[in-house]
Amino acid sequence: LTTDLQALLDFGYSEDDAEAFSDTLNGIMGGIEDKADGYCAVISRFNGNVDMIKAEEARLASRRKVIENNIQRMKDALQTVLETMEAGGMEKPQIKTGLHTIKLVGNGGKQPLKVDEVMVPDNYKKIVLETDTEKIRKAIEDGKDVSDFAELLPRGRHVSIK
């Protein structure tokens, strides 16, 4: 339809062709309106699907969190049992079953660090530079030349369906 419309607009016509031009344009526009209605219906259905999927994602995330919390509670209970065994004098406590061996092991990685931020001297701090885009935007709006490193881009457009 877009190609048909562009071809009609590109076609040179005279006063004698005005009625034919008008009829052809009305036919094309009717087709565009039908197609646009079809697009809108599909978009609306897709939006419904997106909403349904988002709701399902939220439901599954909530369910995952409940399961993760249950796992952590069970691991904490096992750790408490092993730590109680250790406090009772067992050197390397472990629980052996027909399927599993459960024991306390040390965490890997870097040792945790607790820092009192107020007390840290400046030589243990780093300076992080980041671009202040709002300051650049204000400079452009105030007429300052920052064209060697920044420019305002067009806002762009979008389709509104009501």
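## Exercises on a predicted structure

The protein exposes about 15,400 Å² (accessible areas come from the Shrake-Rupley method with a 1.4 Å probe, and for residues only the protein chains shown count as cover), and carbon and sulfur atoms supply 55% of it. The model is predicted, so local features need pLDDT of at least 70 and side-chain atom pairs count only at pLDDT 80 or more, while totals for chains, interfaces and linings use all residues. Residues are numbered from 1 along each chain as its sequence is written, and side-chain values use heavy atoms, with hydrogens and water left out.

**Exercise 1.** Compare the radius of gyration of the protein with that of a compact globule of 162 residues.

*Solution.* The radius of gyration is taken over C-alpha atoms, and the globule rule is 2.2 Å times the number of residues to the power 0.38. For 162 residues this rule gives a value near 15 Å, but the protein has 34 Å. As a next step, consider the C-alpha trace, which spans about 110 × 55 × 25 Å along its principal axes. Finally, 7% of the 162 residues count as buried, where buried means under 20% relative accessible area, exposed over 50%, and partly exposed in between (1.4 Å probe, protein chains only).

**Exercise 2.** Place helix α2 in the order of elements, and compare its reach with the expected span.

*Solution.* Helices (H or I, at least four residues) and strands (E, at least two) are DSSP runs, numbered from the N terminus. There are three helices and two strands, and from the N terminus on they run α-α-β-β-α. Helix α2 covers residues 18–87 and has 70 residues. The expected span is 1.5 Å times one less than the number of residues, which comes to 104 Å for α2, and the 99 Å from its first C-alpha to its last is close to that. The buried residues of α2 are F21, I28 and L82, and just after the helix G89 takes a positive phi of about 110°.

**Exercise 3.** Describe the salt bridge between R59 and E56, and say how accessible each residue is.

*Solution.* A salt bridge is a side-chain nitrogen of Lys or Arg within 4 Å of a carboxyl oxygen of Asp or Glu, and the structure holds four of them. The side chains of R59 and E56 meet at 2.6 Å, N to O. Both residues lie in helix α2, three residues apart, about one turn of the helix. R59 is partly exposed at 44% relative accessibility, and E56 is also partly exposed, at 34%.
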